[in-house]
Amino acid sequence: MKIREVLAEKRPTLSFEVFPPKKEEQFASVEGAAMEIAALRPDFMSVTYGAGGGTSRYTAQLSADLQQQCGVPALAHLTCVTSTRDRVREVLKDLKEKGIENVLALRGDIPEDGKTENEYRYAAELVREIRAFDETICIGAACYPEGHVESASQTEDLKHLKEKIDVGVDFVTTQMFFDNNRFFHFLYRLRDMGVTTPVIAGIMPITNVSMMKRVRSLSGATLPRRFTSLLDRFADKPAAMEQAGILYATEQIVDLIANDVNGIHIYTMNKPHVAKRIQEEISLLL
Ligand code: FAD
């Protein structure tokens with residue numbers, strides 16, 4: 001099923017992200033975790049595409065397994081900046097053959113050595129390519145409530161986001177954020193620009209200290225004092241840190257649902273028990 005149809009029928013949607021393994025020998029265990037998450041019957045699941053395109057084969061495989069074995073619509077991520085146009089078309093063909101109807105079109109991060117294929121510069125170019133390949137496919141894209149890290153300002157980032165949406169995006173999913181007010185402010189500005197496309201809120205339950213450190217360095221998301229105090233208090237108590245992280249994410253979700261968000265997308269980090277716990281906590285709100 002196409003995610004744009006799911007979004008038109010239901011509000012809010014609940015969906016989960018998983019990431020594929022880097023190596024063949026890890027596939028079975030990752031697939032097992034993804035299947036456990038799929039057994040929670042989310043509205044859809046997304047499967048990431050490894051930085052530099054390294055895990056592309058597993059992205060398509062895992063997406064197909066989720067659909068065929070569990071009946072959960074899959075959203076396959078696809079990045080373009082380290083890819084050629086021929087390679088992108090090959091991946092799209094493979095996804096189509098596997099029955100995948102939803103693609104999250106991404107530029108991908110510029111590699112540290114700066115080496116790209118120079119065939120794509122921005123995700124909007126990939127959106128055009130996908131639309132030209134199949135005009136019926138459902139296309140999602142990324143957005144950044146606090147602005148993308150490379151953007152000089154949120155205004156500039158919003159302008160480029162609108163350009164990307166205008167070339168054929170059906171919905172957008174946000175980068176993780178920990179302060180809902182940042183999300184509401186972003187949404188207000190986007191709607192003010194006349195953009196009516198559904199916006200799905202991406203929520204990352206931070207369940208251990210190393211995740212917190214990674215988030216700090218990679219996402220550029222503001223970490224409110226309420227949030228960092230969890231780390232101060234529970235850093236050396238792993239079980240408590242996990243519980244506090246799940247509760248914090250759940251509180252964010254309750255507030256988002258109360259404010260009529262289109263959908264909630266949970267970055268599960270392939271942890272079925274985290275997905276299950278959050279789903280249980282909000283079961284009557286959906
Ligand atoms: P773009 O939309 O191309 O934007 C990138 C930057 O370029 C922004 O600063 C934008 O403002 C600017 N820009 C856009 N158009 C123009 C223009 N015409 N002129 C000048 N500037 C412009 N990465 C992965 O490797 N694999 C994944 O599976 C993955 N999944 C993700 C899922 C979500 C929901 C999100 C939010 C991110 C994900 N990422 C993933 C990370 C993403 O690839 C990076 O954030 C990347 O740096 C930007 O990708 P984008 O598609 O948002 O790029």
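The following paragraphs lead from the overall form of the chain to one strand, two helices and a few residues with unusual backbone geometry.

The model is predicted. The protein chain contains 11 helices and eight strands. Its radius of gyration is 18 Å, close to the 19 Å that the globule rule gives for 286 residues, so the chain is as compact as a globular protein of that length. Taken along the principal axes, the box filled by the C-alpha atoms is roughly 50 × 45 × 45 Å. Of the 286 residues, 55% count as buried. The surface that the chain exposes amounts to about 13,400 Å², and carbon and sulfur atoms supply 49% of that area. The chain carries 35 positive and 40 negative charges, and the mean positions of the two sets are 2 Å apart.

The contacts within the chain link distant parts of the sequence. Among those between residues at least 6 apart in sequence, 80% join residues at least 24 apart. Strand β1 offers an example of such pairing: this strand, residues 13-18, pairs in the parallel sense with strand β8, residues 263-267, over five bridges. Within this pair, leucine 14 stands opposite isoleucine 264. β1 also runs parallel to strand β2, residues 44-47, to which four bridges join it. Here serine 15 stands opposite phenylalanine 44.

How many of the six residues of β1 are buried? Six of the six are, so the strand is largely enclosed by the rest of the structure. The burial applies to both directions in which its residues point: Thr13, Ser15 and Glu17 point one way, Leu14, Phe16 and Val18 point the other way, and all are buried.

Helix α5, residues 123-133, is mostly covered, with eight of its 11 residues buried. The buried residues are Ala123, Ala124, Glu125, Leu126, Val127, Glu129, Ile130 and Arg131. Together they pack against helices α1, α4 and α6 and against strands β3, β4 and β5.

Helix α2, residues 27-38, holds valine 30. A residue counts as buried when its relative accessible area is under 20%; valine 30, at 12%, is therefore buried. Leaving aside residues up to four places away in sequence, valine 30 touches Phe19, Pro20, Pro21, Leu62 and Asn270. By contrast, threonine 82 lies 52 residues from valine 30 along the chain, and the C-alpha atoms of these two residues are separated by 25 Å.

Asparagine 270, one of the residues touched by valine 30, leads to the question of backbone geometry. Most residues other than glycine have a negative phi, and most peptide bonds are trans. Asparagine 270 is not a glycine, yet its phi is positive, at about 60°. This asparagine is found in the loop between β8 and α11 and is buried, with a relative accessible area of 13%.

Arginine 41 also has a positive phi, near 55°, and is found in the loop between α2 and β2. Is arginine 41 buried or exposed? Its relative accessible area is 52%, and a value over 50% counts as exposed, so arginine 41 is exposed.

The peptide bond from arginine 11 to proline 12 is cis, with omega near 5°. Proline 12 has its place in the loop between α1 and β1, and β1 begins at residue 13.

Note on methods. Residues numbered from 1 in each chain as written. Predicted model: local features only at pLDDT ≥ 70, side-chain atom pairs only at ≥ 80, totals over all residues. Heavy atoms only, no water. Helix = DSSP H or I, 4+ residues; strand = E, 2+ residues; numbered from the N terminus. Rg over C-alpha atoms; globule rule 2.2 N^0.38 Å. Buried < 20%, exposed > 50% of the residue type's maximum accessible area, 1.4 Å probe, protein only. Contact = heavy atoms within 4.5 Å. Areas by Shrake-Rupley, 256 points an atom, 1.4 Å probe, with all protein chains shown as cover. Lys, Arg positive; Asp, Glu negative; His and termini not counted. Charge placed at Lys NZ, Arg CZ, Asp CG, Glu CD. Pairing = 2+ DSSP bridges.
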